[in-house]
Amino acid sequence: MLCDRIGVIGAGAWGTALANAAARAGRAVTLRARDPKSAAVIADLRESPHLPGLRLDHRVAVTADFGAAAQADAILLAVPAQALREVAAALAPAVVPATPVIACAKGIERGTGRFMDEVIAECAPHAVPALLSGPSFAADVVRGLPTAVTLAAADAGIAAALAQALGSATFRPYHTTDVRGVAIGGAAKNVLAIAAGIVVGRGLGASASAALVTRGFAELMRFGGACGARPETLVGLSGLGDLILTCASIQSRNFALGVALGEGRTLEQAQSKLAEGVFTAPALAAMARTYGVDMPIAAAVDAVLDGRLSVDAAIESLLTRPFRAE
C-alpha cells in the first residue's frame with residue numbers, strides 16, 4: 001500500500017503539527033482549513049493562529065476544499081472528538097473507497113458512546129477507520145522534537161503502511177491492530193488528567209499525585225480489559241505513555257482544567273480552551289457502569305463536572321473508600 005499523498009482535515013494546532021510531520025516524512029501534504037479566509041491566512045503567514053511563531057512546512061499545501069484534501073492515499077481527521085461525526089459525514093462523499101481515514105482525536109462521542117473509529121465506520125463505511133494516539137503535544141511535533149505515537153488499524157498491513165508513511169527520525173509511529181485498546185487509552189487518560197490536575201490545584205502534594213495516577217491507571221486497565229483491549233497496548237504509548245504526559249504537564253488542556261478546578265474556579269471559568277475530558281467523563285462513567293467496572297476516580301470527575309459533587313466532597317469520597325488489596 002502506497003501512501004505518498006496525505007490529506008489533513010483541520011488546521012488547528014494538532015492538524016498543523018501532523019501536516020508538518022507528514023511533510024518531513026517526504027509526503028505530499030494538503031491541509032484543509034475550515035473556510036477560504038482561514039486557508040488564505042495560514043497559506044500567507046505559513047503558521048497556524050493556534051501555534052503562533054511556529055512555521056508550517058513550505059511543502060504543505062493549504063486549502064478550504066474538502067475534495068482537494070480528500071484526493072489522498074490517507075486522510076488524517078485532526079478535529080475535536082465531538083465534531084468528528086459532522087466532519088466525517090461531510091468528507092465521506094469525497095473519499096475514495098478503501099482509503100484509510102485516521103481519527104486523531106481522543107474521546108468518546110456524547111450521546112452514542114461511540115469511539116472515534118466507530119464514528120468513522122458509520123459516517124464513511126467505504127473508508128478504512130484508523131486511529132493515531134499517544135503522548136504528543138502539538139508544539140513539540142510542529143517543531144520536529146522527538147515524539148513517539150501509536151497508529152492503529154484492524155488490518156496489520158494497513159497499520160504498518162500508515163506508520164511507514166508518517167514516520168521520520170523525530171516522529172515515530174508504532175503500529176498495532178488493537179484499535180479498541182488505543183481508543184480506550186486516549187479517551188480515559190483525558191478524564192484521569194482532570195483528576196490529576198485537581199490534586200495539584202488543591203495542593204495535595206506529590207505523593208497524592210503519584211497515588212492518583214497509579215490508581216487511575218488501574219481503572220484504565222480494568223476498563224480496557226472489560227472492553228477487550230490488549231494489556232500490552234494499555235501499558236504502551238497510547239495508554240500509560242499518554243497518561244504520564246497528560247497528568248504531568250500544564251500544556252495538557254485537561255490537566256490545566258483540573259488545576260483550575262482544584263484552585264476553586266468554576267467549570268465555566270476554568271474552561272478557556274477545549275478539554276476533551278469534559279465530554280468524555282460522562283460517557284466513560286456510563287460505560288463503566290454498563291460493563292460493571294469499578295472506576296471511582298473517573299466517576300468522581302464526572303460528578304464534579306456535572307455539579308453533583310464539590311471538589312472537596314469528591315476528594316473525601318475517594319479518601320474514605322474501604323481499604324482493599326492492591
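**View 1. Helix α5 and its buried residues.** In this predicted model, local features need pLDDT of at least 70 and side-chain atom pairs count only at pLDDT 80 or more, while totals for chains, interfaces and linings use all residues. Residues are numbered from 1 along each chain as its sequence is written, and side-chain values use heavy atoms, with hydrogens and water left out. Helix α5 covers residues 116-123, and its buried residues are M116, D117, V119, I120 and C123. Here, buried means under 20% relative accessible area, exposed over 50%, and partly exposed in between (1.4 Å probe, protein chains only). Helices (H or I, at least four residues) and strands (E, at least two) are DSSP runs, numbered from the N terminus. The buried residues of α5 cover an arc of only 160° around the axis, so they sit on the same side of the helix; the arc is that of the directions from the helix axis to the C-beta atoms. Their cover includes β4 (74-77), α4 (84-91), β5 (100-103), β6 (128-133) and α8 (179-201).

**View 2. Helix α4 and its buried face.** Take a look at L84, V87, A88 and L91, the buried residues of α4. They fall within an arc of 100° when seen down the axis, so they line one face of the helix. This buried set packs against β1 (5-9), α3 (66-70), β4, β5 and α5, where contact means heavy atoms within 4.5 Å.

**View 3. A19 in helix α1.** A19 belongs to helix α1 (residues 13-24) and is buried, its relative accessible area being 0%. Not counting residues up to four places away in sequence, A19 touches V8, V29, L31, L56 and V60. One of these partners, V60, is 41 residues away along the chain, yet the two C-alpha atoms are separated by 6.8 Å.

**View 4. S48 and R46 in the loop between α2 and β3.** This loop, between α2 (36-45) and β3 (60-63), holds S48. With a relative accessible area of 0%, S48 is buried. Leaving aside neighbours within four places in sequence, S48 is in contact with A11, G12, A13 and T16. R46 is found in this loop between α2 and β3 as well. Although R46 is not a glycine, its phi is positive, about 60°. R46 counts as buried, at 14% relative accessibility.

**View 5. A98 in the loop between α4 and β5.** The loop between α4 and β5 is where you will find A98. A98 has a positive phi of about 75° and is not a glycine. At 53% relative accessibility, A98 counts as exposed.

**View 6. A160 in helix α7.** Helix α7 (residues 156-166) contains A160, which counts as partly exposed at 27% relative accessibility. A160 and G197 are 37 residues apart in sequence, and their C-alpha atoms lie 35 Å apart in space.

**View 7. The protein chain around these close-ups.** To put the close-ups in context, the protein chain has 16 helices and eight strands. Of its 326 residues, 56% count as buried. Along the principal axes, the C-alpha trace spans about 55 × 40 × 35 Å. Residues 24 or more positions apart account for 70% of the contacts with a separation of 6 or more.
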